[in-house]
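Got your viewer open? Let's take a walk through this structure, one selection at a time.

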Amino acid sequence: MWRLAQPLRNIHAKDLILLPALYLRFLMDWHQFRSMNGDAPFDELSPCLFDRSSATMSGGGHYFYQDIWALKKIAELKPAEHHDVGSRFDGFAGQATAICRMVCYDIRTPNFQLPGLEFRFGSLLNLPASDQSIASLSCLHVAEHIGLGRYGDHLDPQGTVKALKELMRVLKPGGQLLLGMPIGKERVEFNAQRVFHPERPSEILSNLRLDEFRAVDDDGRFLERVSPSDLIHAKYSCGLYRFVRPTS
């Protein structure tokens, strides 16, 4: 039985109407390949229907830029150990093991092992760490989900606020917190995520100092020369905040 290389769950609904024509093109290409004595048995077919495009492959978007930004910040600090809460194992968290030892917290247990990565079961509302004990910490596109039940967590209207305060609790004096989250017109998109006013994280993390702010705007562009107030009218941007706990 042949399989679709791109699962239908990963295909946008508007592209589904193209499927019949794309399958027909695929079968015509397969027939032509076979007529050229190409070895491609029917039970090994794996259609890639959406990759034929004249557009240049490119990155962009929230996860692409936030992962690169956070990796650069860790490379600059060069901590012996970095702690991450809930960020993608198949992106930032796994890639960061090329820089330093990673300790990763999540309520979902990974199904793999990776040298240099230690998993610790833990909720962003109750991390298994002492007060002011972590020197290098990140939470990328995670806090906005807390309390909405999307990932099996308990419902809590104040979930994101509590999550940010928990990150502040465990950050060591002189330590850095790398935070990425959706920003713009404040709202709850139940049960996917919250979008915060760009200045709210600094208000909640009142014991920390904002040392750096970058953003990915509504058009997916990475912005370096920008402040939180510049994005208060955004619809769905991503704020990238580097907070530091003062030493005194």
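Start by selecting Gly86, Asp106, Arg108, Val142 and Tyr151: of the 28 residues that line the largest pocket, these lie nearest its centre. Keep in mind that you are looking at a predicted model. The space in this pocket comes to about 600 Å³. Now colour helix α3 (89-95) and strand β2, since each of them supplies at least two residues of the pocket lining.

**Zoom out**

Show the whole chain as a cartoon. You should find 5 helices and 10 strands. The C-alpha trace spans about 75 × 40 × 35 Å along its principal axes. Of the 248 residues in the chain, 42% are buried. Among contacts with a separation of 6 or more, 63% are between residues 24 or more positions apart.

**The sheet**

Next, pick out the strands. In what order do the 8 strands of the open sheet run? Going across, you meet β3-β2-β1-β4-β5-β10-β8-β9, and the pairing is mixed. At the edges are β3 (117-121) and β9 (222-223), each of which pairs on one side only. If you're wondering what holds such neighbours together, strands of a sheet pair through backbone hydrogen bonds, either parallel or antiparallel.

Select β1 (residues 81-85) and β2 (residues 101-106). These two run parallel and are joined by 5 bridges. Show the side chain of valine 85 and you'll see it opposite tyrosine 105 in β2.

Now move to β1 and β4, a parallel pair with 2 bridges. Here histidine 83 stands opposite leucine 137 in β4. Stay on leucine 137, because there's a partner in β5 too: leucine 177 stands opposite it. The β4 and β5 pairing is also in the parallel sense, over 6 bridges. Is β4 enclosed or open to the outside? It is largely enclosed by the rest of the structure, because 6 of its 7 residues are buried.

**Helices on the sheet**

Switch on helix α2 (residues 62-77). This helix lies across β1, β4 (134-140), β5 (171-183), β8 (209-216), β9 and β10 (237-244), and runs at about 170° to β5. Then add helix α4 (residues 159-170), which packs on the sheet and touches β1, β4 and β5. The direction of α4 makes about 155° with that of β5.

**Two buried residues**

Click on leucine 240, in strand β10. Leucine 240 is buried, with a relative accessible area of 0%. Show what's around it: beyond its sequence neighbours up to four places away, leucine 240 touches Gln66, Trp69, Leu179, Gly180, Glu212, Phe213, Arg214 and Phe222. Try a distance label to tyrosine 65 as well: the two are 175 residues apart in sequence, yet 9.4 Å apart in space, C-alpha to C-alpha.

For another case, go to isoleucine 204 in helix α5 (residues 200-204). Isoleucine 204 is buried too, at 9% relative accessible area. Setting aside neighbours within four places in sequence, its contacts are Val161, Leu164, Lys165, Met168 and Phe196. Label the distance to tryptophan 30, which is 174 residues away in sequence: this time the C-alpha atoms are 58 Å apart.

**The cysteines**

Select every cysteine. How many disulfides does the structure hold? The count is 0. A disulfide is a covalent bond between the sulfur atoms of two cysteines. Cysteine 100 has its closest cysteine sulfur in cysteine 104, but 9.6 Å is too far for a bond. For cysteine 238, the closest cysteine sulfur is in cysteine 139, 11 Å away, so that is too far as well. Both residues are tucked inside: cysteine 100 is buried at 7% relative accessible area, and cysteine 238 is buried at 0%.

**Backbone oddities**

Last stop: the loops. Find asparagine 191, between β6 (187-189) and β7 (193-195). The peptide bond leading to asparagine 191 from phenylalanine 190 is cis, with omega near -5°.

Then jump to asparagine 37, in the loop between α1 (19-35) and α2. Asparagine 37 has a positive phi, near 65°, without being a glycine. This residue is exposed, with a relative accessible area of 74%.

Finish at glutamine 132, in the loop between β3 and β4. Is glutamine 132 buried or partly exposed? Glutamine 132 is partly exposed, with a relative accessible area of 37%. Its phi is positive as well, at about 50°, although glutamine 132 is not a glycine.

Key
Residues are numbered from 1 along each chain as its sequence is written. This is a predicted model: local features need pLDDT of at least 70, side-chain atom pairs count only at pLDDT 80 or more; totals for chains, interfaces and linings use all residues. Side-chain values use heavy atoms; hydrogens and water are left out. A disulfide is a pair of cysteine sulfur atoms within 2.5 Å. Buried means under 20% relative accessible area, exposed over 50%, partly exposed in between (1.4 Å probe, protein chains only). Two strands pair if DSSP finds at least two bridges between them. Helices (H or I, at least four residues) and strands (E, at least two) are DSSP runs, numbered from the N terminus. Contact means heavy atoms within 4.5 Å. Axes are lines fitted to C-alpha atoms, for helices over the stretch in contact, and angles run from 0 to 180 degrees between N-to-C directions. On a 1 Å grid over the protein atoms alone, a cavity is a set of points where a 1.4 Å probe fits but cannot get out, and a pocket is an open set with protein on both sides within 12 Å along at least five of seven lines; lining residues have an atom within 4 Å of a point. Grid points are joined across faces, edges and corners, and a volume is the space filled by probe spheres set on the points.
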